[in-house]
Amino acid sequence: MGEELIGRLIERLGEGSVRTGADIPPNNCVDASHLTPVTPRAVVFPRTTEEVSAVLALCHAADQPVVTQGGMTGLAAGAHPGEGEVALSLEKMRGVEEVDPVAGTLTALAGTPLAEVQAAAEEAGFLCGIDLGARGTATIGGNVATNAGGNQVVRYGMTRRNVLGLEAVQADGTILTSLNKMMKNNTGYDWTQLFIGSEGTLGVVTRVVIGLHPKPAAVETALLAAPDANAALAVLARLQARFGGELLTFEAMWSEFIAVAVTRIKLPEPFAERHDVTLLVELGTTDKERMTDVLGELMEEGLVADAFLAQSGQDAARMWAYRESVYEYGQFQGNQINLDISLPRGQIGQAVEDLRQLGASAWPAAVQVIFGHVADSNLHVVIGPLDGGAGYVTPADKKTVDAGVYEVVRRHKGSVSAEHGIGRLKRAYLGYSRSPAELALMRTLKTALDPKGILNPGRVLEEA
Ligand SMILES: Cc1cc2nc3c(=O)[nH]c(=O)nc-3n(C[C@H](O)[C@H](O)[C@H](O)COP(=O)(O)OP(=O)(O)OC[C@H]3O[C@@H](n4cnc5c(N)ncnc54)[C@H](O)[C@@H]3O)c2cc1C
């Protein structure tokens, strides 16, 4: 059956678009979650929506499980192949097809890297509201599938808020087209919203229409020191009250994060003294004077202990280097556990203290840092190998850390995934953040749209 299916896939797509065995690129065997690589039964590289439809129709008829792959930057192991799966890569479905300046929209094929989408929007005088560290490799289809967040969610929302229309292919090969460019379109159920964040379990996204934004006339960047989490949240509230939608970015890095940036990544100490929370703030304003006044007020009130305002693009890049230093941890530790959680804003200070205590008692030798998109209630916790060495985290390490951290999340009524999704890695903990009735509804939807369960089996929900 397997060989017969491969033969049909080759017949339909051509030999160059179906790879098997040793011919499969290593990149299709592992995603950024760094699980042990698995070679799928085959990888197919369709070039058109019709070819995606043909692949799914053939796999559906053969009860063949399929995993959809975008840029493979996902951190929840959703695109990581399982034994015997056919991987459907969107790599050859790449390109921005249209920027419509009147509608303020951009239409792209799902395999287009986010950075290309951003560049096309900028070239046309607009801004793409989706941005994240993996922009060079992550695809717009992957961003839609994971409902990605990132650096400017406080201003532009998650991917969901930026998507106006989609084209997608269902498990049996049926093509669904709603390349809507209108802000208002209340015509019954909006299936496109259901597909956003469904992590490839309900269908394969092939085209995306995103709504573009005007570019801010100027962006001011500042690095602020706050004495503690509550002061940081008070700073956030003040900036939102005084600058409203001009607040573009509000990132927090706790002191352990800065310690690693200074001692391991060799960045200079950001302030004369180390403070508990370092904030990276961007405001889309031309009113630098107002910004200086507000920072002055915050310093007088003791909510900000020290502050630097970038005077140039180079200064701003130096400030961003702290936040992005986390992507360089591979230099001193093999890999690490990346946890992405949400907490109600009012719980963040206590939850950080709980996580610090947990780390100190349960994995004292490990590097543990906390940072995140605090304005979006989103914290990232990065933990290195529990023996403190430079090796790889073991599955046992991961289990210990997950159980400990997600228990803190549950206690504070948070979410086990803020932006990375559930994939395979968080499936066991979905019930910490969703009720039995919600899980039953998810199962009903999955069964209705993919009755044979061939799409990304075992991701988000247990296999039926
Ligand atoms: C350095 C780094 C920084 C990151 N920063 C952020 C961040 O700030 N915010 C954030 O949200 N995430 C972040 N991520 C995670 C990751 O980049 C996002 O989840 C991204 O949206 C995944 O896109 P991708 O194309 O790489 O998808 P993949 O990793 O290939 O796939 C992810 C999931 O989507 C499914 N999928 C992919 N394409 C499609 C499609 N066309 N149709 C249907 N399903 C599909 C896959 O099956 C899988 O379940 C970061 C990752 C790295 C490595």
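**Entry: a helix pair.** I began with the side of helix 12 that faces helix 13, and I noted that A351, D354, L355, L358 and A362 in helix 12 meet T400, G404, V405 and V408 in helix 13. I should record at once that this is a predicted model, and I read what follows with that in mind. Helix 12 covers residues 348-362 and helix 13 covers residues 395-411, and I found their axes 10 Å apart, packed at an angle of about 150 degrees. Because angles over 145 degrees count as roughly antiparallel, I wrote helix 12 down as roughly antiparallel to helix 13. For the handedness, I noted that helix 12 passes helix 13 in a right-handed crossing.

**Entry: the chain as a whole.** I then stepped back to the overall fold, where the secondary structure comes to 15 helices and 18 strands. The C-alpha trace spans about 70 × 55 × 40 Å along its principal axes. I compared the radius of gyration with the expectation for a compact globule of 464 residues, which would be near 23 Å, and the chain agrees, with 23 Å. Of the 464 residues, 47% count as buried. Among contacts between residues at least 6 apart in sequence, I found that 71% join residues at least 24 apart.

**Entry: the nonpolar cores.** I looked up the largest nonpolar core, which has 122 residues, and listed V44, V208, A226, A232, V235 and L279 as those with the most contacts inside it. Helix 8, residues 229-243, supplies the largest share of this core, with seven residues. A second, separate core has six residues, among them L75, A76, I422 and L425. Returning to L279, I set aside its neighbours within four places in sequence and found it in contact with L224, A226, A232, V235, F250, E251 and A252; of these partners, A226, A232 and V235 also appear in my list of core residues with the most contacts.

**Entry: a proline in a loop.** My last item was P40, which lies in the loop between strand 1 (18-19) and strand 2 (42-44). Is P40 buried or exposed? I counted 25 C-beta neighbours inside 10 Å, and since 20 or more are needed for a residue to be called buried, P40 counts as buried. Apart from its neighbours within four places in sequence, P40 is in contact with I24, N28, V67, P81, E85, V86 and A87. I also checked P40 against V209, 169 residues apart from it along the chain, and their C-alpha atoms are separated by 31 Å.

Conventions
Residues numbered from 1 in each chain as written. Predicted model: local features only at pLDDT ≥ 70, side-chain atom pairs only at ≥ 80, totals over all residues. Helix = DSSP H or I, 4+ residues; strand = E, 2+ residues; numbered from the N terminus. Rg over C-alpha atoms; globule rule 2.2 N^0.38 Å. Buried ≥ 20, exposed ≤ 12 C-beta atoms within 10 Å, placed from the backbone. Contact = placed C-beta atoms within 7 Å. Core = buried A, V, L, I, M, F, W, Y, C linked by C-beta atoms within 7 Å. Axes fitted to C-alpha atoms, helices over the stretch in contact; angles between N-to-C directions. Parallel < 35°, antiparallel > 145°, perpendicular 65-115°, else oblique. Left-handed = near helix turned anticlockwise from the far one by under 90°.
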